[in-house]
Amino acid sequence: GTGIVTTDVLIVGSGPAGSSASLFLSNQGIPNIMITKYRWTANTPRAHITNQRTMEVLRDAGIEDQVLAEATPHELMGDTVYCESLAGEEIGRRPTWGTRPDRRADYELASASMPCDIPQTLLEPIMVKNAAMRGTQVQFSTEYLSHTQDADGVSVQVLNRLTGHEYTIRAKYLIGADGARSKVAADIDLPMEGLMDIGGSMNITFKADLTPLVQHRPSVLYWVFNPGSNIGGLGAGLIRMVRPWNEWLICWGFDINGEPPVLDKDEAIRIIRNLVGVADLDVEILGYSLWGNNEQWATHLQKGRVFCAGDAIHKHPPSHGLGSNTSIQDSYNLAWKLAAVIKGQAGPELLETYSTERAPVAKQIVNRANQSSRDYKPIFDALGVTDAITDQEFTEKLQLRKENSPEGANRRTALRAALDAKDYEFNAQGTEIGQFYESTAVVSDGGERPALTEDELLHHQKSTFPGLRLPHAWLGNAKSKYSTHDIAKGTGFTIFTGITGEAWADAAARVADRLGVELKAVVIGEGREVQDLYGDWLRQREIEEDGVILVRPDKHIGWRAHAMVQDPETALSAVLSEILSID
Ligand code: FDA
């Protein structure tokens, strides 16, 4: 042989961005190789809160049930607690992640998939395993070194870290999903805005049975307000559930402008016992590390045949749980476009829409995650501890909220308002599933996006306006029930129409044939295979029965027509050609 390995797509990294990209590409039948530097996947729990949009994506990829089997379920996620220490006095509680009864309805109405909590150590192996079963060549202990690209492909130099052997992988496209210190992003000189290392944090993972302190207020996050909790870190001290209720991760801050703290086993135990509030707590330390908070995003995500996804393009603190979620959603956006181009169904210009659509998301979620950290300040202000200098002063002032005085009463009102305002981090369904795309892969229906009637961060806009996510509605027939998201398969395009719109379905079959694209037609109506059993679709579709909604493989609306047109075949063909950048 030539010593050169060839594939269609080479993915660097097996984290959430990389492993999901390989899974999605394998689902599309695209040959791909995924390399990763280490002998296995993530070795610390890292990201965990998995939002509805990600669960929809994983459902589409056929692994939602496997994820739920290992996840902490939705009902245990949500009594977010604010306290002086876990065993100490409580400051307040707020049901979160859609567990508060009024918000639960919003979450259930928006999606067939509810949020869950799965540590990265468990999620990555599920994605890697399924990718490998479906065709991905996984190469562990293999490091990306460098690449060169030309008109036909990318030649990537890699190192087998076991044998010391260097070799070349020749791919049509390269995805750098190699994390916050991405070498691929550096090698293609992606333009970045914002700053790295703006705050100091430490993670301590440990085992301890905390059941008696938490089972009556089940949550994944317990926030601690005690001396030092307002320095660095995530905005307050954090005890995070990894596995209920015996495995945990503490996030504690330090001043990044001072000497880095000495973190050893004894210090880790001291911090744990302090935050838990049990002086002789029995703990088993699993690990600890220092890390820096970042607020940085890429403004362009591609150079020629090389793309970056995940933390390589958005670097931010874990507040709000956006890291892994956004990384998987990046890959979901990119994978169908690469597949369409590789299969010859789309022009290469389609690939530019990855940047157009995802770079604004990267910026938005980096800012949002950092704002979520900053939003702890009003809580410290309400408690009256913001300016406390010594630990003793902090502890004394923490008692002010209990005073029988007008000031005490004002403090209590301000405190509740500050705690409720954390909904922007913890009940922010709009941020989680409300992404909106504007690019050449979205074709206007000639109208304006409907005005928002609710806060766009807290609530998502249910609409079929082109660029928005397909609204979820339960459909089915006497024998089955499924979501609009279940019948619009991620491997192709789908149109939705009604009985008087049947001409769209005939047109779609001819267009699919002619363009060689997968285009499924769903005619919703009485006596048809797919019925609008609850009337949910009628209430959400925003078009006449004989209109049409075109859904892209990533379940965003590509186009819609409000009613039947003279020549549906020409109309559909023109729109698909525009979306797919076909001349
Ligand atoms: P990710 O960093 O997961 O993966 C990068 C991949 O690239 C790895 O597989 C690595 O081996 C590989 N790689 C890197 N360089 C390479 C090279 N030269 N050659 C080959 N492979 C290479 N988020 C959150 O929401 N809550 C949390 O509590 C935490 N906690 C946390 C702790 C720690 C220690 C870290 C590092 C991160 C977190 N995060 C987090 C962030 C979260 O983990 C992060 O957003 C996602 O993992 C990003 O996924 P990616 O796939 O983009 O990168």
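Helix 17 (residues 502-515) lies across strand 21, strand 22 and strand 23, and the helix runs at about 170 degrees to strand 22. The model is predicted. This briefing covers the sheet beneath that topic, a second set of paired strands, a pair of helices and the ligand shell.

**The sheet with strands 21 to 24**

- Four strands make up an open sheet in the order 22-21-23-24, and the pairing in this sheet is mixed.
- Strand 22 (519-524) and strand 24 are the edge strands, each pairing on one side only.
- Leaving direction aside, neighbouring strands of this sheet are turned by 15 degrees against each other on average.
- Strand 21 (residues 493-498) pairs with strand 23 in the antiparallel sense, over three bridges.
- Within that pairing, I495 has L550 of strand 23 as its bridge partner.

**Strand 23 and its hairpin with strand 24**

- Strand 23 covers residues 548-551, with V548 and L550 pointing one way and I549 and V551 the other way.
- V548, L550, I549 and V551 are all buried.
- Strand 24 (residues 557-561) pairs with strand 23 over four bridges, in the antiparallel sense.
- V551 is opposite I557 in strand 24, and L550 has W559 in strand 24 as its bridge partner.
- L550 thus appears in two pairings: it is the bridge partner of I495 and of W559.
- The two strands, 23 and 24, form a hairpin with five residues between them.
- K555, in the turn of this hairpin, has a positive phi of about 65 degrees.

**Strand 4 and its partners**

- Four of the five residues of strand 4 (residues 79-83) are buried, so that the strand is mostly covered.
- Strand 4 pairs with strand 5 (residues 90-95) in the antiparallel sense, and the pairing has five bridges.
- T80 has R94 in strand 5 as its bridge partner.
- Six residues link strand 4 to strand 5 in a hairpin.
- Strand 4 also pairs with strand 12 (residues 221-224), in the parallel sense and over three bridges.
- In that parallel pairing, V81 stands opposite Y222 in strand 12.

**Helices 9 and 10**

- Helix 9 (residues 323-342) and helix 10 (residues 352-374) have axes that come within 10 Å and cross at roughly 175 degrees.
- Angles over 145 degrees count as roughly antiparallel, and therefore helix 9 is roughly antiparallel to helix 10.
- On the helix 9 side, the contact is made by T326, D330, N333, L334 and K337.
- On the helix 10 side, T353, Y354, E357, R358, V361 and I365 meet them.
- The residues of this contact divide into four nonpolar, three polar and four charged.

**The ligand shell**

- The ligand is surrounded by 33 residues, and G13, G15, G179, G310 and G323 are the closest.
- Two or more residues of the shell come from each of helix 1 (16-27), strand 8 (142-149), strand 15 (284-298) and helix 9.
- By residue type, the shell has eleven nonpolar, 16 polar and six charged residues.
- Helix 9 therefore has a place in two topics here, as it gives residues to the ligand shell and is roughly antiparallel to helix 10.

How values were computed
Residues are numbered from 1 along each chain as its sequence is written. This is a predicted model: local features need pLDDT of at least 70, side-chain atom pairs count only at pLDDT 80 or more; totals for chains, interfaces and linings use all residues. Axes are lines fitted to C-alpha atoms, for helices over the stretch in contact, and angles run from 0 to 180 degrees between N-to-C directions. Angles under 35 degrees count as roughly parallel, over 145 as roughly antiparallel, 65 to 115 as roughly perpendicular and the rest as oblique. Two residues are in contact if their C-beta atoms, placed from the backbone, lie within 7 Å. Ala, Val, Leu, Ile, Met, Phe, Trp, Tyr, Cys and Pro count as nonpolar, Asp, Glu, Lys and Arg as charged, and the others, Gly among them, as polar. A residue is near a molecule or strand if its C-beta atom, placed from the backbone, lies within 6 Å of it. A residue is buried if 20 or more other C-beta atoms lie within 10 Å of its own, exposed if 12 or fewer, and partly exposed in between; C-beta atoms are placed from the backbone. Two strands pair if DSSP finds at least two bridges between them.
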